[in-house]
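Reader: I am a first-year student and would be grateful for a close look at a single residue and its place in the whole. Would you please describe its surroundings and then relate them to the rest of the chain?

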Amino acid sequence: MKSQEIKLTNNLSCAVDALQMVETTAAAAGLTREQVNILRLLTEEMISMTTDILKTCQGTLWLECEHGACALHLTAMAPIEADAKTAFIAASKQNINSPIKGLKNKISALFAGLLIYKELPDYYVAVCSSFGGGAPMSVPPASSPVWSLAEYGKGRGREEKFAEMEGVEKSILLGFADDIIVSVKNSWVDLTVKKQFSAPPEKQMPSFTGLSHVCIFVDDMMKAVSYYQKLLGAVPDHYLSHWRNKGFFQAGGFLDEAEEGDVSIAFVNVPGTKLTLELMQYHYPEGRKTPVIFAANDVSGARHVALKVTNIEEAFAHIKSMPDTTLINQTDEYRVFQISETSPAQVHFFDQDVRESDERNVQTAKILSGVRYFYFIDKYGLQWEFEQGHSDIGD
């Protein structure tokens, strides 16, 4: 993945644009917040090394990121206009005999030297000699020269190699960058900072097994059951009367205080369709009682459509990473929830007296207590539920 290219000048606004580009591209590549912050630090270091050079030179910055391997590129081209070129060479001449301290300053000087080594070879040689232990490159031949921090000072001890470095340089350049490379590419000089992160885990699509149910909010549950029996020939299955379940309300995002909810839920099956309707009536807190009738071409739909999955945690991670989707609860604490313990006495079947109970009630309560799920809203405003473990309803 390659980012857009940011044009660099000696104006602070370009640094803001560059950091925003790095932020967006790194996040899209699946990097963590900590990894993005490291790339931001390295970007700031690159720009600080070239700020003076960019007063007169044209510069560009971009990021390449693939499977955790990141490369920040900052390129610059020597001025073409005569006046600007003369000013750049004059400024470089003044630095020939000045001692260059600190690795950042040396890399910056090398970067500038390569831009004009043909016009000012003495400056380039002076920069090379400042590294000590022999020049990192001879006067550049026709082929493109390359200087690498990883190769710099090979054969010397680490302490000797970086004795001249300041503490901040050690922490940023050595602590975060795997390599810093200065190279010539045609008429451009390229400053590349490389950083290898562990590759982000491959995203896994939710593994669906079928449709669970479609939820419809109603004002009177029993009247609604009767209505769908007449309208669709729906067959009542089981219901929960005045159900107060903390886990249910937490996952649904319906209430601020989950303990306060009071709801009745009925499940009816539509014959021949493998479709289960979940009819839901809120006793407390009550909502609007009058249905909203949408025009045929309005973007709207049912209250939520539920799909069964077998890998709910991976499904949650997938949905959380998708653009144009909103989790029903946008706090950091929102997660996959499990229904709180449900007792057989809370489950009723339509073909049994409310005072009766049999093995069906026991098994259904057991299944309900193991259901895990979460909610989200898609781009068009339709609310969805992904659930795992609700084996007693749907296809």
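Author: Let us take T192 as the part to examine. Leaving aside neighbours within four places in sequence, T192 is in contact with A71, L72, H73, D179, I180 and I181. The model is a predicted one, and the values that follow are computed from it.

T192 belongs to strand β6, which covers residues 188-196. Is T192 buried or exposed? It is buried, because its relative accessibility is 5%, and the limit for that class is under 20%. Among the residues that T192 touches, H73 deserves particular attention: the side chains of T192 and H73 are joined by a polar contact of 3.0 Å.

From this residue one may turn to the nonpolar interior. The largest nonpolar core holds 55 residues, and L39, F111, L115, V182 and L191 are those with the most contacts inside it. Helix α4, residues 103-115, gives the most to this core, contributing eight residues. Another core lies apart from it; this one has 33 residues, including I312, V347, A365 and V371. To return to L115, its partners, not counting residues up to four places away in sequence, are I53, C57, A76, M77, A78, F88 and V189. One of these partners, V189, falls within the range of strand β6, residues 188-196, where T192 also lies.

The surface offers a further subject. Y227, L231 and L232 form a nonpolar patch there, and together they have about 310 Å² of accessible area. L231 is part of helix α8, which runs over residues 221-232. With a relative accessible area of 48%, L231 is classed as partly exposed, because the exposed class requires over 50%.

Charged side chains come next. How many salt bridges does a search of the whole structure find? The search finds 10. One of them pairs R355 with D353, whose closest N and O atoms are 2.8 Å apart. R355 is exposed, at 74% relative accessibility, whereas D353 is partly exposed at 31%. A second example joins R360 to D358, with 3.3 Å between the closest N and O atoms. R360 is partly exposed at 32% relative accessibility, and D358 is likewise partly exposed at 32%. In the salt bridge between K289 and E286, the closest N and O atoms are 3.8 Å apart. Here K289 is partly exposed, with a relative accessible area of 40%, while E286 is exposed, with 55%. Elsewhere, salt bridges link E23, R33 and R40 in a network.

Finally, these details may be placed within the chain as a whole. The protein chain contains 11 helices and 16 strands. It has 395 residues, of which 45% count as buried; T192 is one that counts as buried. Among contacts between residues at least 6 apart in sequence, 66% join residues at least 24 apart. The accessible surface of the protein chain comes to about 20700 Å², and carbon and sulfur atoms account for 52% of that surface.

Conventions: Residues are numbered from 1 along each chain as its sequence is written. This is a predicted model: local features need pLDDT of at least 70, side-chain atom pairs count only at pLDDT 80 or more; totals for chains, interfaces and linings use all residues. Side-chain values use heavy atoms; hydrogens and water are left out. Helices (H or I, at least four residues) and strands (E, at least two) are DSSP runs, numbered from the N terminus. Buried means under 20% relative accessible area, exposed over 50%, partly exposed in between (1.4 Å probe, protein chains only). A polar contact is a pair of N or O atoms within 3.5 Å; within protein, one must be able to donate a hydrogen and the other to accept it, and residues adjacent in sequence count only if both atoms are side-chain atoms. Contact means heavy atoms within 4.5 Å. A nonpolar core is a set of buried Ala, Val, Leu, Ile, Met, Phe, Trp, Tyr and Cys residues joined through side-chain atoms within 4.5 Å. Patches are made of residues with over 30% relative accessible area and no salt bridge: like charges are joined within 9 Å, nonpolar side chains (Val, Leu, Ile, Met, Phe, Trp, Tyr) within 5 Å. Accessible areas come from the Shrake-Rupley method with a 1.4 Å probe; for residues, only the protein chains shown count as cover. A salt bridge is a side-chain nitrogen of Lys or Arg within 4 Å of a carboxyl oxygen of Asp or Glu.
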